[in-house]
Amino acid sequence: MTPDRDDRIHAAEFVLGLLEAETYAAAERRLSSDPAFAREVAAWQKHFAAFDDTADPVVPTDELWRRIEAGMGTAVAVPAVAPTGLLPRFWNSLGALRIAALSGVTAALALAVVTTVTVRHAQEVAARKPVYVAILVDDATRQAGAIVNAFADGRVEMIPLVDMTVPAGRSLQVWTLWNREVGPRSVGLLERARATSLDLERLPTTAADQLFEITLEPSGGSPTGRPTGPILYKGTTARTL
């Protein structure tokens, strides 16, 4: 079973310590009751393990101090002997320098993770939102019968809003017209009203004011390749906000 995307983000934030105290405590309790979430946390811990590199304290050499000074552009007196006291020993510890570096790496990594999941979330939302929408209505009653959604990746779907009666031996056929010189093209054939993907792969990209309509045709579809039966519902596309 594929973990929920929000759980993956939540687990990453838990491992990186980005959660508020109360949320963190709730996530910690969840580890013992939600195996899937616990696996996600373990996976992130393993992923970040490469950055959790520590070392025993080491007194830096004179050469290392000279390289640090050169990088800082500031003269720093090199101690002749290893200083005494907890704080001096700490700052002269290569381990301390590595801990400071690790903190920076962790912060950058956390920012990268948050940025990545935010961008992915935006992309997912954009992929779910149609670029064009057409509401197909009955000309006689002005009742909406179906919605056509066209997405940026080329997918087009039709979602019925009413239960369309289909007599025996007949079919519902969906058409689109983007160029009157070319004429309408069949993009879907249904035995009953249901949500379905429409086949526009070999047609130009869906655009504004493109006509979609549903007609009642013989079983198996129109024998002429053009609409022959009554038009049940029709409408043109409009760009979404």
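Hi everyone. Before we start, one definition: when I say strand, I mean a DSSP run of at least two residues labelled E, numbered from the N terminus. With that in hand, let me add that what you see above is a predicted model.

Let's begin with the sheet. Eight strands form an open sheet in the order E5-E4-E7-E8-E1-E2-E3-E6, and the pairing is antiparallel. At the edges sit strand E5, residues 185-190, and E6, each of which pairs on one side only.

Now zoom in on one pair. Strands E1 and E2 run antiparallel and are joined by 6 bridges. A good residue to look at here is Ile147, which belongs to strand E2, residues 144-150. Which residue stands opposite Ile147? That is Ile135. Ile147 also has its C-alpha atom 5.7 Å from that of Ala134, although 13 residues separate the two along the chain. Setting aside residues up to four places away in sequence, Ile147 touches Val133, Ala134, Glu157, Met158, Ile159 and Leu161. Is Ile147 buried, exposed or partly exposed? Its relative accessible area is 25%, so Ile147 counts as partly exposed; the buried class stops under 20% and the exposed class begins over 50%.

Next, a stop in the loop between strand E1, residues 132-137, and E2, where you will find Arg142. Arg142 is exposed because its relative accessibility is 55%. Its backbone deserves a glance too: phi of Arg142 is near 65 degrees, a positive value in a residue that is not glycine. Most residues other than glycine have a negative phi.

There is another residue to put beside it. Asp209 also has a phi near 65 degrees, positive and again not in a glycine. Where is Asp209? Look in the loop between strand E6, residues 196-197, and strand E7, residues 211-218. With a relative accessibility of 62%, Asp209 is exposed.

Let's move over to strand E4, residues 170-177, which holds Thr176. Thr176 has a relative accessibility of 1%, so it counts as buried. What does the side chain of Thr176 reach? It makes a polar contact of 2.8 Å with the side chain of Gln210. A polar atom of the Thr176 side chain also lies 2.9 Å from the backbone oxygen of Leu211. Leaving out neighbours within four places in sequence, the contacts of Thr176 are Gly183, Pro184, Arg185, Val187, Leu200, Leu203, Gln210, Leu211 and Phe212.

Keep Gly183, Pro184 and Arg185 in mind from that list, as they come back with my last residue, Arg226. Arg226 is located in the loop between E7 and strand E8, residues 231-239. If we again skip residues up to four places away in sequence, Arg226 touches Trp175, Val182, Gly183, Pro184 and Arg185. How far apart are Arg226 and Gly183? From C-alpha to C-alpha the distance is 8.3 Å, with their positions 43 residues apart in sequence. As for Val182, its backbone oxygen is reached by the side chain of Arg226 at 3.2 Å. Arg226 is partly exposed because its relative accessible area is 34%.

To wrap up, here are two things to look for when you turn the model. One is Thr176, buried and in polar contact with Gln210 through its side chain. The other is Arg226, partly exposed, with its side chain reaching the backbone oxygen of Val182. Thanks, everyone!

Methods:
Residues are numbered from 1 along each chain as its sequence is written. This is a predicted model: local features need pLDDT of at least 70, side-chain atom pairs count only at pLDDT 80 or more; totals for chains, interfaces and linings use all residues. Side-chain values use heavy atoms; hydrogens and water are left out. Helices (H or I, at least four residues) and strands (E, at least two) are DSSP runs, numbered from the N terminus. Buried means under 20% relative accessible area, exposed over 50%, partly exposed in between (1.4 Å probe, protein chains only). Contact means heavy atoms within 4.5 Å. Two strands pair if DSSP finds at least two bridges between them. A polar contact is a pair of N or O atoms within 3.5 Å; within protein, one must be able to donate a hydrogen and the other to accept it, and residues adjacent in sequence count only if both atoms are side-chain atoms.
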